[in-house]
Amino acid sequence: MSPTAASMRLLLSPGAFSGALSAVEVAAAMARGWLTTAPGTEVRTLPMSDGADGLIATVHAARGGELLPVTVAGPLGEPVPATILHVPGPAGGTAYIEAGQAIGRQLTPPGAELRDAEQGSSAGLAELVLAALDLGAGRLVIGMGEAASHDGGTGLVARLGSDPAPGSSPVTAEQLAQAHRLLDGRDVVVAVADRAPLLGLHGTRALLAERAGIAPAAAQQIDTPVGEQVAALARAARTLPRRTSLMGAPEPGDRPGRTDGSGAAGGAGFALELLGARLLPGPDVVGAEIGLTEAAGHADVVLTGTAVLDADAVESSVVGTVGRAAMEHGIPVVVLAEEVQTSRREVAKSGLSATYAAGSGDLRVLEEWAARLARTWARTA
């Protein structure tokens with residue numbers, strides 16, 4: 001017998017929407033709206049993240065832990081506030097880091113995109129890693145999106161290699177070896193929001209050229225020395241011992257800087273991969289951390305959401321991950337987006353039952369839409 005509206009179980013697992021609306025805020029608005037129509041519903045909110053913005057808030061909402069404020073270097077060395085989440089567990093527990101807090105594009109003033117891409121450093125991310133290691137965490141999960149800097153991760157390696165002023169000279173083999181030793185025995189997972197490689201026609205140079213204030217010629221000029229450093233670091237990495245990891249780690253590849261996700265955070269993903277980290281799709285990492293698949297198995301309907309639902313989002317975003325998690329249990333998934341730019345065929349093969357375009361990411365609008373959706377889905381679940 002199908003559950004009634006009074007006994008049905010709803011899982012709310014949206015991502016962030018536009019206008020700086022966090023997934024936590026969106027999930028709360030959807031819950032309020034749904035409950036105005038179906039007040040007897042058992043609602044569980046499990047906000048999601050693509051691994052970049054919102055990683056810490058999402059995991060903290062699901063698992064708790066201790067939030068630790070720190071101050072690290074920004075893209076040009078200026079002090080910026082950041083937060084690390086430490087969740088206790090075996091081997092010192094897990095520390096969660098958002099690279100964007102130290103080197104994200106939001107730290108670049110308008111009109112300074114070219115300057116920060118050219119002169120910026122990923123050293124601030126290394127300072128977040130060092131602070132996490134000071135907590136004794138045996139496992140690190142680092143969320144990465146785009147960065148203001150585009151240094152191929154050289155600032156990160158130099159700072160981990162004990163250079164107090166990285167960026168002043170090329171990274172040395174000894175700095176790379178020291179950084180390698182520092183992470184030995186720890187499981188480092190990089191949750192990449194974008195799978196773009198560091199080098200190549202579809203790498204981060206192409207992404208740089210899409211930014212305001214950075215012409216294609218300037219992007220290539222920035223990217224050329226990065227390619228040279230990538231080659232040098234890859235050669236040095238061949239002499240490093242196999243890093244001992246709690247979960248195992250890949251050997252340095254034959255095509256350095258061209259693996260999926262190596263372009264994350266301006267190439268910091270590449271540097272961490274050389275140091276033994278695993279680069280994985282951000283939404284899938286977050287889903288595993290918060291127990292998404294298990295939670296979907298206890299629901300009658302799953303409601304997720306994103307700003308723009310297109311073909312790429314269906315496959316490799318929060319929505320795609322939520323759809324696959326629910327599909328394992330045969331649970332219907334409803335998607336609420338600001339814009340829907342995909343076909344029924346594309347959404348159906350990813351386990352999505354229905355899509356709706358709200359036309360706006362305003363919390364009041366999302367609340368009203370959730371109330372409308374409950375009229376259909378609370379009755380039919």
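## Buried or not

A residue counts as buried when its relative accessible area is under 20%, as exposed when that area is over 50%, and as partly exposed in between. Keep those cut-offs in mind for the residues below, and remember that we're looking at a predicted model.

Let's start with Trp369. Its relative accessibility is 15%, so Trp369 counts as buried. Tyr356 comes out at 23%, so this residue goes down as partly exposed.

## The aromatic pair

How many aromatic pairs does the structure hold? There's just 1. It's made by Tyr356 and Trp369, whose rings sit 6.0 Å apart, centre to centre. With 50° between the planes, the pair is tilted.

The two partners come from distant parts of the chain, 13 residues apart. Tyr356 belongs to strand β11 (residues 354-357), while Trp369 is part of helix α16 (residues 363-380).

Trp369 has another neighbour to look for: Arg372 lies over the face of Trp369, at 3.9 Å from the ring centre.

## Over to Val308

Now for another spot, in strand β9. That strand covers residues 301-310, and Val308 is in it. Is Val308 buried, partly exposed or exposed? Its relative accessible area is 31%, so Val308 is partly exposed.

What does Val308 touch, leaving aside residues up to four places away in sequence? The answer is Ala313, Glu339 and Gln341.

If you'd like a longer view along the chain, try Leu55. Val308 and Leu55 are 253 residues apart in the chain, and their C-alpha atoms are separated by 19 Å.

Technical notes:
Residues numbered from 1 in each chain as written. Predicted model: local features only at pLDDT ≥ 70, side-chain atom pairs only at ≥ 80, totals over all residues. Heavy atoms only, no water. Helix = DSSP H or I, 4+ residues; strand = E, 2+ residues; numbered from the N terminus. Buried < 20%, exposed > 50% of the residue type's maximum accessible area, 1.4 Å probe, protein only. Contact = heavy atoms within 4.5 Å. Phe/Tyr/Trp six-rings, centres within 6.5 Å; stacked < 30°, edge-to-face > 60°. Lys NZ or Arg CZ within 6 Å of the ring centre and 35° of its normal.
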